[in-house]
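Work through the following exercises with the sequence and the coordinates at hand. Each task is followed by a solution in steps.

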Amino acid sequence: RAPVIGLPLFNSRDAMTEPVSARLFPAFTAVEKGKTYYWCSCGLSAKQPFCDGAHKGTPFTPVKYEATETKRVLFCMCKKTGNAPLCDKTHIKVATKTHGSKIAVVAALGAAIISGVAYQIFSASEQTKKSSK
């Protein structure tokens with residue numbers, strides 16, 4: 001088995017006990033009604049926030065997400081959410097613990113705010129499209 005690159009504490013994937021944070025802010029992602037998505041829970045996927053099979057050899061498995069409507073959602077990227085696969089803002093705590101600085105919290109919170117603003121713009125745009133039909 002290949003070693004987990006960038007994680008010197010692990011000699012092999014089966015030694016992983018915690019997921020790797022892919023980044024410290026959520027992924028604002030479009031989903032389509034009726035489609036099924038598989039969220040990466042290990043953090044090793046190169047196709048974040050979705051699974052690409054990189055979890056093989058770890059104790060992690062992807063989390064199934066079924067879109068009930070076409071919209072944009074915030075998928076967790078810190079991999080510590082209590083509401084998998086969706087973001088619950090745990091990335092703010094992870095940033096503080098990982099970096100120990102208010103700057104990390106501000107950066108993570110800023111990214112979440114930007115995602116929220118983008119979501120509001122997208123939602124308003126979709127509503128305008130629907131009402132003009």
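**Exercise 1. State how many helices and strands the protein has, and in what order they occur.**

Solution. The model is a predicted one. Its secondary structure amounts to 2 helices and 4 strands. Along the sequence the pattern reads β-β-β-β-α-α. For the overall burial, 35% of the 133 residues count as buried. The accessible surface is about 8300 Å², and carbon and sulfur atoms hold 58% of that area. Among contacts with a separation of 6 or more, 58% join residues 24 or more positions apart.

**Exercise 2. Determine how β1 and β4 pair, and which way the side chains of β1 point.**

Solution. Step one is the pairing: β1 and β4 run antiparallel to each other, over 5 bridges. One of the bridge partners can be named, since A27 is matched with F75 in β4.

Step two is the side chains of β1, which alternate. A27, T29 and V31 point to one face and are buried. F28 and A30 point to the other face and are not buried.

Step three takes a residue of β4, R72. Its C-alpha atom lies 5.1 Å from that of T29, although 43 residues separate R72 and T29 along the chain. R72 has a relative accessible area of 27%; buried requires under 20% and exposed over 50%, so R72 is partly exposed.

**Exercise 3. Describe the largest nonpolar core and the contacts of Y65.**

Solution. The largest nonpolar core has 15 residues. Those touching the most other members are V31, Y37, Y65 and F75. Two or more residues come from each of β1 (27-31), β2 (36-39), β4 (71-75) and α1 (90-99). A separate core has 5 residues, including M16, C40, C42 and F60. As background, nonpolar side chains tend to be buried together in soluble globular proteins.

Now list the neighbours of Y65, leaving out residues up to four places away in sequence. Y65 touches V31, K35, T36 and Y37, then K71, V73 and F75, and also P85 and L86.

**Exercise 4. Classify the ring pair of Y65 and F75.**

Solution. The aromatic pairs in the model number 3. For Y65 and F75, the ring centres are 5.3 Å apart, which is within the 6.5 Å limit, so the two rings pair. Their planes meet at 80 degrees; the cut-off for edge-to-face is over 60 degrees, and therefore the pair falls in that class. The pair links distant parts of the chain, with Y65 in strand β3 (residues 63-66) and F75 in strand β4, 10 residues apart. Both residues are buried. Y65 and F75 also belong to one aromatic cluster together with Y37 and F50.

**Exercise 5. Decide how many disulfides the model contains, using C42 and C87 as worked cases.**

Solution. Start with C42. The closest cysteine sulfur to that of C42 is in C40, at 3.7 Å. A disulfide needs the sulfur atoms within 2.5 Å, so this distance is too far for a bond. C42 has 2% relative accessibility and therefore counts as buried.

Next take C87. The nearest cysteine sulfur to C87 is that of C76, 6.1 Å away, and C87 is in no disulfide. The count for the model is 0 disulfides.

**Exercise 6. Find where the backbone has cis peptide bonds and positive phi values.**

Solution. The reference point is that most residues other than glycine have a negative phi, and most peptide bonds are trans.

- Q48 to P49: this peptide bond is cis, with omega near 10 degrees. P49 sits in the loop between β2 and β3.
- A84 to P85: this bond is also cis, and omega is near 10 degrees. P85 sits in the loop between β4 and α1.
- K79: phi is positive, about 70 degrees, and K79 is not a glycine. K79 is in the loop between β4 and α1.
- K89: phi is near 75 degrees, again positive in a residue other than glycine. K89 is in the loop between β4 and α1.

The last step concerns the accessibility of the two lysines. K79, at 6% relative accessibility, is under the 20% cut-off, so K79 counts as buried. K89, at 56%, is over the 50% cut-off, so K89 counts as exposed.

Conventions: Residues are numbered from 1 along each chain as its sequence is written. Side-chain values use heavy atoms; hydrogens and water are left out. A nonpolar core is a set of buried Ala, Val, Leu, Ile, Met, Phe, Trp, Tyr and Cys residues joined through side-chain atoms within 4.5 Å. Buried means under 20% relative accessible area, exposed over 50%, partly exposed in between (1.4 Å probe, protein chains only). Contact means heavy atoms within 4.5 Å. Rings of Phe, Tyr and Trp (its six-membered ring) pair if their centres lie within 6.5 Å; planes under 30 degrees apart count as stacked, over 60 as edge-to-face and the rest as tilted. Accessible areas come from the Shrake-Rupley method with a 1.4 Å probe; for residues, only the protein chains shown count as cover. Two strands pair if DSSP finds at least two bridges between them.
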